[in-house]
Amino acid sequence: MKKNITINLCGRLFQIDEDAYELLQNYIESLHASFGRQEGGEEIADDIEERIAELFEELKANGTEAITIDHVKDIISRIGEPEQLTGEEEGSERTDENSGKHSTAQDILNNVRARTAGKRLYRNPNDKMLAGVLSGFAAYTGTDATWWRIGYVLLLLGSNLFLGPLFRLLHLGGFFFSINMTLVLLYIILAFAMPEAKKPQQMLEMEGKDVTPQSLADVVVEDKQPVQQHRGCLGSSFSVILSIIAGIFVGFAAIFGLILLVCLLLIIVSIIIVFTVPSAIHIPLPFDINYLNLAEMYTSHPWVVAVFIIGLLLTLFIPLYAIGHMLLSKSGKIQPMGVGQRILWIVLWLAALFSMIPSLIWVHEQASEREMAHYRKTHTYQGVVMSSQDKDFLRQGDWKLIKAENCAHLTYSGEHWSGDPNARYLDAWNGDCEEVYQVEHTGQVEPGIYRLDCLARAEGPGTYIYAQADKLTMFKQIPAYGNSGGEFVEQVREKMADIQIKDSVRKKLVSTTTFEIMGMKFHINDYEENNSKSMSDYFGEGKGWSLVSIDSIVVYNGSITYGVSTDAAFTGQPCHAQWFSASDFKVTRIGDLP
């Protein structure tokens with residue numbers, strides 16, 4: 001069943017089916033194109049158009065209700081083709097008298113010219129795997145599209161298999177990558193730049209055939225595909241492979257489109273929430289929109305925020321629209337995009353991208369500066385910016401920070417001598433041994449003679465424990481055992497061995513025996529039998545901890561200050577340690593004043 005339409009031809013109304021209308025329209029357009037180049041040609045074309053209307057009127061008078069394509073073809077044959085009417089066929093076929101004198105290169109050039117003579121380059125919609133670019137070149141050159149596809153794939157794989165190792169050997173990996181990307185981008189650009197042969201006239205121009213009413217009728221009536229070529233076994237196999245690849249590409253495009261849709265919806269919802277709900281509310285988002293603080297920034301810089309939001313939404317929406325349009329056109333529900341429409345969407349997408357990126361950078365920088373200012377305000381202790389863990393430890397221990405330069409951190413946890421992974425202690429690190437660190441604590445004591453004990457370790461020399469009383473400063477260097485061994489583990493082992501020997505003589509149970517170091521009591525079975533504690537593992541390696549003591553600290557004025565320092569200006573010795581640790585400071589009264 002065909003659809004009939006009503007046309008107005010020279011002031012007369014006629015019923016005509018769609019195929020006949022398309023053939024008639026092409027014929028009239030060709031008449032005006034042919035006669036338009038002559039003086040008075042438009043009047044001749046109008047007279048012929050009037051004659052066609054008279055012939056249609058005769059058919060209508062004879063009882064014809066609707067003009068069919070057969071009627072149109074008969075009228076065209078009676079009137080004649082535009083080339084016959086204008087006499088353009090004269091002299092159209094001439095031979096070159098010197099054709100035998102051409103060189104081989106000229107023969108090749110003539111062959112190429114012969115293959116492309118009278119043709120226009122289009123994307124072929126009737127023989128395409130992706131966009132019809134390669135089949136369009138095949139139709140333009142009069143060759144098989146299969147060889148174009150095989151050559152393109154081999155060019156991609158060949159650059160990967162053969163040129164890739166050579167480029168990597170020459171440290172040209174980026175250039176090798178650019179070759180593959182260039183080939184892919186070139187195909188994409190051609191897919192947008194080359195027009196698609198949609199109309200019958202374009203199909204004929206693609207193959208280089210004369211655009212005549214008869215050839216147009218063949219395309220319209222028989223739905224002929226002028227460039228469809230017979231494929232052999234190789235071509236059929238390659239076409240199947242490319243069809244599978246195209247199907248996979250469409251599948252990935254659909255998945256990517258779904259991801260884009262979800263991200264776009266989440267971002268829209270997030271932006272709405274940010275501008276309508278207090279910013280303190282946090283929801284999981286595809287990007288840290290709360291960190292950007294767009295609602296607050298909009299009050300001071302509305303244009304920048306508006307450009308960023310619009311650019312971001314368009315950057316996601318345009319590829320989503322393109323993927324959806326492609327899927328619908330593949331299913332036959334809508335027509336594919338035209339070249340102009342594709343170029344317009346590409347220009348809009350690039351404009352959105354290049355407006356979104358600088359505005360995003362600016363918004364991010366502003367958010368980073370605001371976040372850093374807030375961090376300095378909340379993480380500053382005694383004039384030094386530090387982490388909340390460092391700040392809490394120093395504040396709770398009443399430590400006074402004298403210097404802190406080139407220090408990656410001021411305290412640490414995880415390698416305490418006790419094996420407790422949560423125990424925090426004084427610690428500083430610098431890979432170039434350039435840390436300048438000094439921290440001290442002042443306590444009130446009764447006048448007398450005292451001893452300072454602590455557990456400490458260092459990666460190298462130059463780190464000191466010190467004690468001050470009555471303007472007298474005493475130093476003790478931390479032994480540099482690094483991260484293993486240490487004197488403390490040796491003292492523990494000696495104490496354990498001594499107790500075990502005594503208990504074996506006394507025939508007492510080892511599990512009931514304890515010993516004390518620095519006022520801390522230890523049970524032997526903690527290190528021999530109880531595997532639930534990690535202290536035995538740490539004592540096995542030592543972790544570099546040593547017992548550091550300063551004796552005979554004479555205190556007259558009732559206060560003692562102790563701490564740790566790597567400052568050469570204070571200790572008198574340069575620091576050659578990348579890091580140090582100090583923990584469990586203890587002051588013990590060992591005697592009275594004389």
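1. A pocket, as the word is used here, is an open set of grid points where a 1.4 Å probe fits, with protein on both sides within 12 Å along at least five of seven lines. With that in hand, welcome to this predicted model. Its largest pocket has a volume of about 1,900 Å³. If you would like a place to begin looking, Ile188, Ala191, Phe192, Phe249 and Met326 are the closest to the pocket's centre among the 44 residues that line it.

2. Which helices should you follow to trace the lining of this pocket? At least two residues each come from α6 (133–141), α7 (145–169), α8 (173–193), α11 (233–276), α14 (302–330) and α15 (339–378). The largest share belongs to α14, which supplies nine residues of the lining. Sorted by class, the lining of the largest pocket holds 35 nonpolar, four polar and five charged residues.

3. Now for the overall picture. The protein has 20 helices and 16 strands. Of its 594 residues, 37% are buried. Among contacts with a separation of 6 or more, 67% are between residues 24 or more positions apart.

4. Next, please turn to the largest nonpolar core, which has 30 residues. Within this core, Leu426, Tyr437, Ile465, Ile553 and Phe585 touch the most other members. Two or more residues of the core come from each of β7 (424–429), β8 (436–444), β9 (448–458), β10 (464–469), β14 (546–555), β15 (559–565) and β16 (579–591). The largest share, five residues, is given by β9. As background, nonpolar side chains tend to be buried together in soluble globular proteins.

5. Ile465 is a handy residue to centre your view on. Leaving aside residues up to four places away in sequence, Ile465 touches Leu452, Cys454, Met474, Phe475, Lys476, Ile478, Val548, Ile550, Gly563, Val564, Ala582 and Phe585. Apart from the core just described lies another, of 22 residues, including Ile48, Ala53, Ile69 and Ile75.

6. Why is β14 described as largely enclosed by the rest of the structure? Seven of its 10 residues are buried, that is, under 20% relative accessible area, so β14 is largely enclosed. The strands β9 and β14 run antiparallel and are joined by eight bridges. To see one of these partnerships up close, find Tyr450, whose bridge partner in β14 is Ile553. Ile553 will be familiar from the largest nonpolar core, as one of the residues that touch the most other members.

Conventions
Residues are numbered from 1 along each chain as its sequence is written. This is a predicted model: local features need pLDDT of at least 70, side-chain atom pairs count only at pLDDT 80 or more; totals for chains, interfaces and linings use all residues. Side-chain values use heavy atoms; hydrogens and water are left out. On a 1 Å grid over the protein atoms alone, a cavity is a set of points where a 1.4 Å probe fits but cannot get out, and a pocket is an open set with protein on both sides within 12 Å along at least five of seven lines; lining residues have an atom within 4 Å of a point. Grid points are joined across faces, edges and corners, and a volume is the space filled by probe spheres set on the points. Helices (H or I, at least four residues) and strands (E, at least two) are DSSP runs, numbered from the N terminus. Ala, Val, Leu, Ile, Met, Phe, Trp, Tyr, Cys and Pro count as nonpolar, Asp, Glu, Lys and Arg as charged, and the others, Gly among them, as polar. A nonpolar core is a set of buried Ala, Val, Leu, Ile, Met, Phe, Trp, Tyr and Cys residues joined through side-chain atoms within 4.5 Å. Buried means under 20% relative accessible area, exposed over 50%, partly exposed in between (1.4 Å probe, protein chains only). Contact means heavy atoms within 4.5 Å. Two strands pair if DSSP finds at least two bridges between them.
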